[in-house]
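Hi there,

Here is the structure I promised to pass on. Have a look at it first, and my notes follow underneath.

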Amino acid sequence: MNAFRENLGQDPESDDYQFLFHVHGNAGVGKTSLVRQWEAVAGEQGATTVYLDDSVHSAVEAMEEIGERLGRQGLELRRFDKLLATFRQRAHEAQSARETTHAATEDTGAAQPPAGSVPGSGPGSAPASLPGSVAAQVGLVGLGMVPVVGALAGAVDPQQLAQGADRLRAVLGARLRSHDDVRLVMDPVRALTPVFLQDLAEVTRRRPRVVLFFDVYERTGPVLDEWLRDIAFGEVHGPLPANVQIVLSGQGRLNARCWGDWLDLVTEVPLEVFTEEEARALLALRGVTDERVVDVVLRLSGRLPVLVHTLAQARPDSARTVDDPSGTAVERFLKWETDPSRRTAALALALPLQFDEDVYRAVAPPEAAEQYSWVRRLAFVTDQAGRCRYHDVVRAPMLRLQRTQSPARWHAAHELLARTFLTWREEREETVPAEEHWGDTVWREHRSNETYHRLCADPRRALPDALAQAVHACEQGSGPARRWAQLLARAGADSADECLARWGERLTAASQDDASAVMAVLAALLAHPGLDTEGQQRTRIVRGRLHRRAERYEEALADFTSVLVPEPRHAVALVERAVTHQQAGNADDALADMDEVIRVDPDGAWHRVYRGRIHLLAGRHTEALADFDRAVELDAEQDWALASRAELHRVQGRYQEALADLDRALGIDPQYTWAYAERSRCLCRLERWDEAVRDLARAADLDSGPGWYRVRLADLLLDLGRHAEALHEADRALADRALADRALADRDEEGPRGRPWPYTLRAWALHGLGRDAEALADLDHAISLDDSWEIAFAMRGWLRWEAGRLAEAEEDFDHALSEYGQWPWCLAGRGVVRVYAQQYEGAVDDLAGAFTVLFGIAEAEAEIARPLVELLRRHLATHPAALKAAIRLAALLSHQIQWPGLARQMGSVLALRPGPRLLADGLRLLRRVTTALDDLPESADNQRTSWSRKLLSPILRVLEPRGPSTHTEPE
């Protein structure tokens, strides 16, 4: 106690300050008692404390519980709470549209669900979360694809761009509305922890100390070890504030494989049983001084602190009570309690895993109805926020006594408790929609308690349902799966049923590795007999989704097909297999499965939308439109159908119809992020730029954080020549260091092209603002992240040319052109470098290639490229600054589709006094280009020529008044 108290008084920055304690020892030695005393001491010294026990089963649950406890003390983790709420919402959205019920596969057909309802897999059961799997699994790599517009379009192979855009649409069309959302749902620990630590740092600025206590760590350690180690010692999630102290308390030593490199920084606090002197001292403190009583207490307790405390609590002082020792372990704890109703209540309360006053009143005899406060004061009862539990050392023998003394009473008592929790669960279901049951903490707690007591009452009868519920738990993630496995293990031990105990041990062992817990539990469920047919089907469907998520398509297809072989009309398996075929690139097979699904359930709107999207991605626009139209007919509130139909309208150039559908979708869901992004794209096609920016900004604001919509916003602003705003948005997208690290590290999730994109955008915005040194640093960083990110090489080539590093610039352009040989912006850049390097014929070739692609002029070499090279060759020596400024401006302008402030920019070039002959030559060349554009046939690329005219016309307007001079320029 003194050591802990003294440590609290030290400066957290001092060398001898200890910030991580580990209390360990056998059950009953007083670990929880010591930790509670430490908590009180910390509170007395002004520290903010949070105590957690084994009610948390994952890092996310631990952070959520810490946030809730701090919030009760007026120390809200506001950003974390907001992101956690987003996580819950996005996880719910991923499950908000469901496939048809298993019952729908019967010959009678499926009934159409009411508007807004979600078809499930049977009465009272949680439905399979198909759209969540679509969002998380279909085309995730597509989110890394970069929308390319303006002059950059020539750098990208059209087929590759179309495929990337298709993948992007497949994801955005699903309910996880941004890539940040995908990462948040798929890896919440990595997404939430940095924000949690940032908010915790805010708390530490308001309080001198924060102490986090993790009790019963022998149970939570397997799932919290790596997370706690990383926040305590690593830099994965960001720094832990220096004045945050962590106390772990459990039976065993810390896992050396996890903590090995850091064990020397952990302060170990081992606890043993009392010495006889310590036990006598505690008894004396409790007023137990009769030597005969002391001897009995020492013998019965084995000097285990919790038992010494329990037996001393009644202050026995009668020789008669000492002369009546009981042979049962239970009598040790209730030896001196003479009230029969209290004894009965105490024994009954050993049955539930934990209890509150409601549970107490359900099991206590009527004559003890008002004794709840007495129970809470028992030495072996731990009270945490109104929830009480018996110490395991006390509870185990109480259970054994009741189970062996009267199996019939044991059965009846557990059945009573099971019915009690069933009643409470059904009451909860009146306010919580069916699809949200497993995500609702209260419902899940009632369900698990009900299952536990049914298992204890009749293990063999209750086991199949308990195993089936384990599959539902697996769908919620590793935490619920692990909690359910431990529930079975606890029921197996408490009921002494060998089969149930083996299942509990099997599933608990499988759930230990957080990264593979769900897959391992599902494999264990399928590897041993126990599940009924429906349970096996559901297990294979859930496992198939996990295989698909990991891009193990063959394994996923095998799982879904194994369900369909005996039951070919199983709608859920058909849809899941269709999703897998689609993601694997087998559109025809996906459509075949979706055709069968629609034959089974012709009135399912969601199925129509999904089949329509497969048609859309395959370029079958007529079929796609028919499906989208039918989906809207079936469900007028199906906003995904409206947004998907809008995308089809946009692809076909029907922008007004697209906008009308998007307006309807946003009327249904004003927070529909993808609809705003899609509307922005339509508005861009209509050149309603301010509205397009507004909608994309709205999408970015609705997103779960500074993520990919904000990066796309920065990209659009660059296209519009608004460099300062683009820089601001790119900075915001990269402001969260942890988010940026995730964006650059999740190779498998994002694909190789997405990671450096924000850095290249920021680099070009910086270049447009004249901050080239910072721009080069960003481009170097982008290339270090992905050396196939060609736009970064092209941009760096332009910046290196401007810095006079011609050889390096040419290498960069060569690298970019090795992948995209006809990229005009890059060819022009290398042509300029070659002019400066006096490689004139090579420059002519490059510029001719660039202008042929850019302007569509067949005689580009003779008409434009060679005259331009000659112009540069003639004037570089006499007007280097003006020409460099003009070329720099041309590189910037050709990267845009709008040119605000063009007159001002050109004025800055003219301020460098280019000279009348140079101006005359340049004006003559520009007129030649515009004439050639006017002479192009009607079959020419109208979009490209229109862009070229829009760029050249204002330039000519600025230069025309300065027409050719009659004066001769001095040589």
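Let me start with strand E1 (residues 20-24), which is joined to E5 by four bridges, the two strands running parallel. One residue pair to look for is histidine 24, whose bridge partner in E5 is proline 270. Please keep in mind that this is a predicted model.

Both strands belong to an open sheet of five strands in the order E2-E3-E4-E1-E5, paired in parallel. From one strand to the next, the twist averages 15 degrees. Strand E2 (48-52) and strand E5 (267-270) are at the edges with a single partner strand each, so one side of each has no neighbour in the sheet.

Two helices are worth finding here. Helix H3 (residues 59-72) lies across E2 and strand E3 (210-214), and runs at about 140 degrees to E2. Helix H9 (residues 217-233) packs on the sheet as well, touching E1, E3 and strand E4 (244-250), with its direction at about 155 degrees to that of E4.

Further along the chain, I also looked at methionine 795, in helix H42 (residues 790-802). Is methionine 795 buried or exposed? Its relative accessibility is 1%, so methionine 795 counts as buried. Beyond its neighbours within four places in sequence, methionine 795 is in contact with Thr760, Trp764, Leu779, Trp825 and His895.

As for the whole chain, there are 50 helices and seven strands, and 57% of the 971 residues count as buried. The chain exposes about 39,900 Å², with carbon and sulfur atoms supplying 49% of it.

Best wishes

Key: Residues are numbered from 1 along each chain as its sequence is written. This is a predicted model: local features need pLDDT of at least 70, side-chain atom pairs count only at pLDDT 80 or more; totals for chains, interfaces and linings use all residues. Side-chain values use heavy atoms; hydrogens and water are left out. Buried means under 20% relative accessible area, exposed over 50%, partly exposed in between (1.4 Å probe, protein chains only). Accessible areas come from the Shrake-Rupley method with a 1.4 Å probe; for residues, only the protein chains shown count as cover. Contact means heavy atoms within 4.5 Å. Two strands pair if DSSP finds at least two bridges between them. Axes are lines fitted to C-alpha atoms, for helices over the stretch in contact, and angles run from 0 to 180 degrees between N-to-C directions.
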